Amino acid sequence: MSSSAVQRQLPILLIEDEPSVTAFLRAALERRGYSVVQASSGADGLQKLEHGSFGGVISDIRMPGAVNGAEIHAWIQTNRPALRSRIILISGDTANSETQALLANSGTPCIEKPFRVQQLISVVEKTFGKP
Amino acid sequence: MPVRGTKRSRNADVALPKVKKAETRAHSKQAEELMDLAVDAARSRHLPEFLKRFSARAAAMAEADWGGVVVFEESGAKLHSATELEELRNAPGRKWLVNKALEISRDAQVCILPQEKSSTCVFVPILSSLNERLGAVCLLRPPRALHVHERRLLEALASHAALALENFRRFSQLERSKRNWVEDIDAITDYIVVHDKLWRILRTNRSLASHLGVPPVALVGEAVGTLRQLAETEGALPCPFCVDTKQPREEHIVSARDRIFLVSTSRTLGVPDDDARTIHVLKDITDRREAERRYRELFDSIQEGLFFATPDGRFLDVNDAMVRMLGYESRDELLRNDVGSYLYPEPEARERILHQLHSKGVLRNYEETLRRKDGTLLYTLQNITGVRDASGRIAQMRGLMLDVTEQKMFQAQLQRERDFNQKILNTTQSMILVLDTAGLISYANRRCYEAGYREEEMIGRHLVDLVDSAQGKEFEAALETTAHGHQVENLEARAKRGDGTLGYFSISLSPMRDEQDAVNSVVVVMTDITDAALLQAKLAHAERMATIGRLVSGVAHEVNNPLAAILGFTDLLIENPEIPASAHESLEIILQETQRTKNIVQDLLSFARQRPVQREAVQLGVILRQTIKLRSYDFTSHGVEVIEEFEEDLPATIGDSQQLQQVFLNIVNNAYDAIQEAGRRGVIRMSARRVGDSIEVAVMDNGTGISDTARIFDPFFTTKPTGKGTGLGLSICYGIVRAHGGEIQCWNNDNGEGSTFQVKLPVATEAAMEAAG
């Protein structure tokens, strides 16, 4: 429980390339009392993951650049066991078969864009716990 | 006289010394006279003269007043005498004498003369060595008894007469037969010449002499070489007709300038060598030879084979054509004994011919396969006549033979080609038809009937009747073009298929010409390209739909980001207590519209989705009934009849029952809308059946039909009034059905009323059922 308590105070890493979405998410999470560290791309997210400590990761699946949500998910599975079940994916396109395969295999929670604030908070609280 | 006679007769029996001397003298005189008579008889060549002398001598010897001889001849009895009867006094009648002579038997007889009793006539029969009566010796003398010695004398005289008569008769017969023989020889029209060893002509017959224009005797003694004028020969011998003088018999043919002779030669070997004779008989066989020559020429020059053969198969004679036909070197080779058995590849064939020949006598146009010398087969047509012997058995076969190998080969080749062509016509996957210039079908290949057309709807009918009426004119024009000699290729037309449905055909029309180069019919090759056309259309559609799917997916994703921000911030604003209540209403509207936008994007994504959300065994029958139930209120209240034709025991498919229900609901709603629009009493016929590995669900309505069946599944393609639908309903259906591995398509009904939507879904495999749980 102590580690969980420690982690609870750790910030949530928010990886999202869309600034407007990032802004909304940050506002919503911070309003609920979560601290947020944001990364504007998959690569940025990975770098931050390597050098920082986070209580959870919220990542968009489809992002421009070399690293996408699926790779973030995979990196965490390998390198940050503590965060394995503390990932929430955001999808703009669940019709994509790659996305579907990822979700089906890992059981990782996923929120489909566009979503209501209540939907987001309920998934976040369930996955990361209340701040 | 009688005393003397008695004495004489006694003289023969009893010897009295005195009388004996005189008697002996008389006796020996008689014997001498008889001897003279015999010599006379032998020397005489003239019978009447001899008989005269004989009569006189006999009368003298018998001491008679008169003597005569009656000779019996075929022409009648005839009297010969030295002194004519009529010169005598008291002579009997010639007739009486002759008749009496004919009457007497085998013994001498004395008859009294009828008018003159003082005289008698002694008749002594003349008998041949065979006891045949040749005549009678007649002696007139005074009446007195016939003594024994007198009788003996008379008999001796008679036998001398007999000897002479017989000699004369034989001689005259000989003379006659000799004369006849010469006449016979002269009567022979063949030329006969006899020559001796020294080449001298001994004799010729009259024909030969008259041919040369001389009397027969003129040639006798001439050299036989003079007869060369008859026929010039090349022989070295003096005789033109002798070839080998050692041969007792010869026969050969000699040709003259314009005549041909068959010379038959016989040689007699005379007892003395000098007497040897040669007889030539020259038979003029010019006509026969000519006939023979003509026959032979015909026999050999005729192109048909001619043969004479024994029933056991040996040729007796054949002509050149026959030799050539059977491939032999020469006639002699073909006439050899062993050819017969080689000739028939099947030994029974000859038996067959013989059997038929025996029963019918002749065989007309009899087909038989023979073997040539080199072993190749000869096909023949024969006319054979059987010549029977006395017992009725076939003794000889005579026939005429035609070589029909070429015709046979040609026929076989023709047949092969015909079979080959027939095979091509029958096995091709295209339908091949022949039309007359009026467009009536006169021939349809097997493929047509395999495709389901019936003969009665093809033969004698217009092909254009099968073509979709919309394209009838186009087809008629193509037919017209072909009738004018031009080919029409790959005309694509909708036409009635064998099962009655409409299909797509590629039609090629080619003109077929007669010997005068006029187009007399049209060959039509029709290929059913329905499946290919449909497949192509389907592929094109699927590709287009995939492109749209990718586009939609991309757009949806791009729209979702700003939408997420709008929705999120709106939520945050509404949550914000600092926002005045007046702004809340606007925020709610933003919220609603954002939600609506979200739904549209969701629908678009459903269209583009590639996999069903849920994977479970789905009973389509249950889903279809539920679907109908959902709309039953509307249907009944608007008088729409729903006909259910669901096959029993439909298998399950794997998928998402919610999504599938959405598909059928969508289709049924469309049907209902179309019926409402058409304004007629609506009927929706729903059927579900298994076809192979698919379940086919069809929803048929009698509504307005679809204006563009090709684009009906495109997103935002709608025929409905604005606001009635988003134009995504059928796109979603398409996406769902595709995601289930199925197909959805639609068409306007053939009867022109309404349309049909068909959904095909795969039957769940056992493995899929297990995986689905």
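## Working through chain B, step by step

In this predicted model, B:Glu743 sits opposite B:Lys760 of strand E27(B). Let's start from that pair.

**Exercise 1. Find out which strands pair with E27(B), and decide whether E27(B) is largely enclosed or not.**

Step 1: Take the E26(B) side. Strand E26 (residues 743-748) of chain B is joined to E27(B) by six bridges, and the two run antiparallel.

Step 2: Look at the link between them. The hairpin of E26(B) and E27(B) has six residues between the strands, and there B:Gly752 adopts a positive phi near 85°.

Step 3: Now take the other partner, strand E25 (residues 694-701) of chain B. E25(B) and E27(B) are paired in the antiparallel sense over seven bridges. One of the matched pairs is B:Ser694 with B:Pro762 in E27(B).

Step 4: Check burial. Strand E27 covers residues 755-762 of chain B, and six of its eight residues are buried, so the strand is largely enclosed by the rest of the structure.

**Exercise 2. Work out how H18(B) and H19(B) are arranged: what is their angle, and which hand does the crossing have?**

Step 1: Recall what you need. Two packed helices are described by the angle between their axes and the distance between the axes.

Step 2: Fill in the values. Helix H18 (residues 620-637) and helix H19 (residues 657-678), both of chain B, pack at about 40°, and their axes are 9 Å apart.

Step 3: Name the arrangement. Angles under 35 degrees would count as roughly parallel, and 65 to 115 as roughly perpendicular. H18(B) and H19(B) are therefore oblique to each other.

Step 4: Add the hand, which is right-handed for this crossing.

Step 5: See who touches. H18(B) contributes residues including B:Ile623, B:Leu624 and B:Leu630, while H19(B) brings in, among them, B:Leu660, B:Phe664 and B:Val668. Sorted by class, the contact residues are eight nonpolar, four polar and two charged.

**Exercise 3. Decide whether B:Met686 is buried or exposed, and list its contacts.**

Step 1: Place the residue. B:Met686 belongs to strand E24 (residues 683-691) of chain B.

Step 2: Count neighbours. The cut-off for buried is 20 or more other C-beta atoms within 10 Å. B:Met686 has 23 C-beta neighbours inside 10 Å, so it counts as buried.

Step 3: List the contacts. If you leave aside neighbours within four places in sequence, B:Met686 touches B:Leu624, B:Val642, B:Ile643, B:Glu644, B:Glu645 and B:Val699.

Step 4: Try a distance too. B:Val668 is 18 residues from B:Met686 along the chain, and their C-alpha atoms are 9.2 Å apart.

**Exercise 4. Write down the strand order of the five-stranded open sheet in chain B and pick out its edges.**

Step 1: Read off the order, which is E7-E6-E10-E9-E8, with antiparallel pairing.

Step 2: Find the edges. Strand E7 (201-204) and strand E8 (249-255) each pair on one side only.

Step 3: Gauge the turn. Ignoring direction, neighbouring strands are turned by 20° against each other on average.

Step 4: Zoom in on one pair. Strand E6 (residues 191-196) and strand E10 (residues 277-284) of chain B share six bridges in the antiparallel sense, and B:Asp196 is found opposite B:Arg277 in E10(B).

**Exercise 5. Describe the side of chain B that touches chain A: how many residues, and from which helices?**

Step 1: Count both sides. Chain B gives 22 residues to the contact and chain A gives 17.

Step 2: Find the sources. Helix H16 (530-575) and helix H17 (581-608) of chain B each supply at least two residues, with the largest share, 15 residues, coming from H16(B).

Step 3: Sort by class. Chain B's side has ten nonpolar, seven polar and five charged residues.

How values were computed: Residues numbered from 1 in each chain as written. Chains lettered and ligands numbered in written order. Predicted model: local features only at pLDDT ≥ 70, side-chain atom pairs only at ≥ 80, totals over all residues. Axes fitted to C-alpha atoms, helices over the stretch in contact; angles between N-to-C directions. Helix = DSSP H or I, 4+ residues; strand = E, 2+ residues; numbered from the N terminus. Parallel < 35°, antiparallel > 145°, perpendicular 65-115°, else oblique. Left-handed = near helix turned anticlockwise from the far one by under 90°. Contact = placed C-beta atoms within 7 Å. Nonpolar A, V, L, I, M, F, W, Y, C, P; charged D, E, K, R; others polar. Buried ≥ 20, exposed ≤ 12 C-beta atoms within 10 Å, placed from the backbone. Pairing = 2+ DSSP bridges.
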